[in-house]
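Here are some notes to read alongside the structure, set out as numbered points. I hope they are handy while you look around.

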Amino acid sequence: MTEQSWKLMRADRLVGTLRLEAVDMFWTDCAFRPGPEWPAVRPLFDTSREAWRRGDRQAALTADNRIREAGLVLVSHEHGMVVTDFLIRIFEGKARVRQ
């Protein structure tokens with residue numbers, strides 16, 4: 001069985017690599033390895049996490065929309081399939097993805 005993994009891309013720049021760890025009902029949990037573009041987008045994820053952590057739903061949804069607007073795509077290593085519509089959260093080497 002092939003290990004499932006994806007490249008998180010922004011245009012032609014690698015944000016990071018996601019490797020499948022688990023799937024629950026709605027979310028796919030992955031290990032996240034940062035790429036060269038990670039420092040440019042990390043503040044978006046930090047803002048989202050902090051807003052959700054403090055319970056500020058409006059700020060969190062706004063931050064999540066900014067992540068969506070950042071032009072990120074997931075590219076399957078196995079099939080090359082590109083996913084453009086997804087929600088992603090990244091923190092401390094872990095990523096959660098919801099399609």
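1. A word on pairing to begin with: two strands count as paired if DSSP finds at least two bridges between them. Keep in mind too that this is a predicted model. In β4, the residue bridged to R10 is L72, and β1 and β4 run antiparallel, joined by five bridges.

2. Now the sheet as a whole. It is open, has seven strands in the order β5-β4-β1-β2-β3-β7-β6, and pairs in the antiparallel sense. The edges belong to β5 (82-83) and β6 (87-91); each has a single partner strand, so one side of each lacks a neighbour in the sheet. As a reminder, strands of a sheet pair through backbone hydrogen bonds, either parallel or antiparallel.

3. On the other side of β1 from your first stop, look at its pairing with β2: the two strands are antiparallel and share six bridges. Within this pair, M9 sits opposite L14 of β2. β2 (residues 13-23) also pairs with β3 (residues 28-34), again antiparallel, over seven bridges. There, L20 has C30 of β3 as its bridge partner.

4. Helix α1 (residues 38-53) packs on the sheet, where it touches β1 (5-10), β2, β3, β4 (72-76) and β6; the directions of α1 and β6 make an angle of about 95 degrees. Does its length fit, and what span should we expect? At 1.5 Å a residue, the 16 residues of α1 should span 22 Å, and the end C-alpha atoms are 21 Å apart, which agrees. After the helix comes G55, with a positive phi near 80 degrees.

5. Which residues of α1 are buried? They are W38, V41, F45, S48 and A51. Their cover includes β1, β2, β3, β4 and β6, together with helix α2. The spacing is a nice one to check by eye, because an α-helix has 3.6 residues a turn and residues three or four places apart point the same way.

6. Helix α2 (residues 57-68) passes the length check as well: its 12 residues should span 16 Å at 1.5 Å a residue, and its end C-alpha atoms are 16 Å apart. Its buried residues are A60, A63, D64 and I67. These cover an arc of only 100 degrees around the axis, which puts them on the same side of α2. Among the elements covering them are α1, β4 and β6.

7. The largest nonpolar core holds 19 residues, and L8, L18 and I88 have the most contacts inside it. Two or more residues come from each of β1, β2, β3, α1, β4, β6 and β7 (94-98). The most come from α1, which gives three. If you would like one residue to centre your view on, try L8: leaving aside neighbours within four places in sequence, its contacts include L14, V15 and L18, as well as F32, L72, L74, I88 and I90.

8. Finally, two backbone spots deserve a glance, given that most residues other than glycine have a negative phi. A11 has a positive phi near 55 degrees and belongs to the hairpin of β1 and β2, which has two residues between the strands. At 67% relative accessibility, A11 counts as exposed, the cut-off being over 50%. E92 has a positive phi near 45 degrees and is found in the loop between β6 and β7. E92 is exposed too, with a relative accessible area of 67%.

Terms used: Residues are numbered from 1 along each chain as its sequence is written. This is a predicted model: local features need pLDDT of at least 70, side-chain atom pairs count only at pLDDT 80 or more; totals for chains, interfaces and linings use all residues. Side-chain values use heavy atoms; hydrogens and water are left out. Helices (H or I, at least four residues) and strands (E, at least two) are DSSP runs, numbered from the N terminus. Contact means heavy atoms within 4.5 Å. Axes are lines fitted to C-alpha atoms, for helices over the stretch in contact, and angles run from 0 to 180 degrees between N-to-C directions. A nonpolar core is a set of buried Ala, Val, Leu, Ile, Met, Phe, Trp, Tyr and Cys residues joined through side-chain atoms within 4.5 Å. Buried means under 20% relative accessible area, exposed over 50%, partly exposed in between (1.4 Å probe, protein chains only). The expected span of a helix is 1.5 Å times one less than its number of residues. The arc is that of the directions from the helix axis to the C-beta atoms.
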